[in-house]
Amino acid sequence: MTGIEELLLSRIRDVQDYPEPGVVFKDITPLLADPAAFTALTDALAEISVRSGATKIVGLEARGFILGAPVAVRAGLGFIPVRKAGKLPGATLGQTYDLEYGSAEIEVHAEDLSADDRVMVVDDVLATGGTAEASLQLIRRAGARVVGVAVLMELGFLGGRARLEPALDGAPLEALLKV
């Protein structure tokens, strides 16, 4: 385990039985409250983004905003929020995706991405991969190129990587931590 992995893991708190019994929630708020850990995380994700040749960072609602915006600033790139449907004013593109029970929709401003953009998707956790998969479809529908997905933590036991692989179409998925 590397020093950054140890630092990040030491600042992630397990919350038992949240949001429902039997679930262990990975709480990143202690990491965000620690300037050294948050800076290390931001720098690591920014380095991945720069190495990929990204021109824009897409952050997925809501913790992807918390991580993606400072990564974009650190990397000198633009930041684009992908939000739940109905939260963005003006013309949007939407993408529906299936959840365990039902479906959801995410949106991006139609004019925020173009064919000139190379996009890195940033989020806190890769779980089942549904939101990330929908975001990749949405980015491509907007005409931009996906250069990768970078997350703080991958919950491997939920199978998100396998679900996301076809949608990545060869772009890398990088997780700083795998649990």
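Helices here are DSSP runs of H or I with at least four residues, and strands are runs of E with at least two, both numbered from the N terminus. The model is predicted.

**Stop 1: helix 5 and serine 135**

Select residues 130-141, which form helix 5. Serine 135 is found in this helix. Buried means a relative accessible area under 20%, and serine 135, at 1%, is therefore counted as buried. Show the residues around the serine. Beyond the stretch of four places either side in sequence, serine 135 touches Leu60, Ile106 and Val121.

**Stop 2: strand 3**

Leu60 leads to the next selection, as it is one of the residues of strand 3. Select 56-60 for the whole strand. How many of its five residues are buried? The count is five of five, so that strand 3 is mostly covered under the cut-off of 20%. Turn the strand to view its two faces: Lys56, Val58 and Leu60 point one way, while Ile57 and Gly59 point the other way. Both sets are buried.

Now add the strands paired with strand 3. Strand 4 covers residues 78-84 and strand 7 covers 118-126. Strands 3 and 4 run parallel and are joined by five bridges. Strands 3 and 7 also run parallel, with four bridges between them.

Glycine 59 is a convenient residue to centre on. Proline 81 of strand 4 stands opposite glycine 59, and in strand 7 the bridge partner of glycine 59 is valine 122.

**Stop 3: the turn into helix 4**

Move along the chain to the loop between strand 3 and helix 4, where alanine 62 is placed. Check the peptide bond that joins glutamate 61 and alanine 62: it is cis, with omega about 0°.

Then select 63-75 for helix 4 and keep strands 3 and 4 displayed. Together the three elements make a β-α-β unit. Which hand does the unit have? It is right-handed.

**Stop 4: two residues of helix 4**

Glycine 64 lies in helix 4. Its relative accessible area is 0%, so glycine 64 is buried. Leaving out residues up to four places away in sequence, glycine 64 touches Gly59, Ala69, Phe79, Val122 and Asp123. Two of these names have appeared already: Gly59 belongs to strand 3, and valine 122 belongs to strand 7. For a distance check, draw a line between the C-alpha atoms of glycine 64 and glutamate 6, which are 58 residues apart along the chain; the separation is 22 Å.

Proline 70 is also placed in helix 4. Is proline 70 buried or partly exposed? With a relative accessible area of 25%, proline 70 is partly exposed. Its contacts, not counting neighbours within four places in sequence, are Phe38, Thr42 and Phe65. A second distance check runs from proline 70 to leucine 155: the two are 85 residues apart in sequence, and their C-alpha atoms are 23 Å apart.

**Stop 5: the largest pocket**

Switch to a surface or pocket display. The largest pocket holds about 1300 Å³ of space. It is lined by 40 residues, and those closest to its centre are Arg63, Ala127, Thr128, Thr131 and Leu158. Select those five to place the view.

Colouring the lining by class gives 23 nonpolar, five polar and twelve charged residues. Colouring by element shows which parts of the fold contribute. Strand 7 gives the most, with five residues. Elements that supply at least two residues each include strand 2 (24-27), strand 5 (92-99), strand 6 (102-109) and strand 8 (145-154). Helix 5, from the start of the tour, also supplies at least two.

**Stop 6: backbone details in two loops**

Select the loop between strand 1 (13-16) and strand 2, which holds proline 19. The peptide bond from tyrosine 18 to proline 19 is cis, with omega near 5°. Aspartate 17 lies in this loop as well. Its phi is near 55°, a positive value in a residue other than glycine. Aspartate 17 is partly exposed, at 47% relative accessibility.

Finish at aspartate 169, in the loop between helix 6 (160-168) and strand 9 (173-178). Aspartate 169 is not a glycine, yet has a positive phi of about 50°. At 64% relative accessibility, aspartate 169 counts as exposed.

How values were computed
Residues numbered from 1 in each chain as written. Predicted model: local features only at pLDDT ≥ 70, side-chain atom pairs only at ≥ 80, totals over all residues. Heavy atoms only, no water. 1 Å grid on protein atoms, 1.4 Å probe; cavity = no way out; pocket = protein on both sides within 12 Å on 5 of 7 lines; lining within 4 Å. Points joined across faces, edges and corners; volume = space filled by probe spheres on them. Nonpolar A, V, L, I, M, F, W, Y, C, P; charged D, E, K, R; others polar. Buried < 20%, exposed > 50% of the residue type's maximum accessible area, 1.4 Å probe, protein only. Pairing = 2+ DSSP bridges. Right-handed = clockwise from strand over helix to strand, strands pointing away. Contact = heavy atoms within 4.5 Å.
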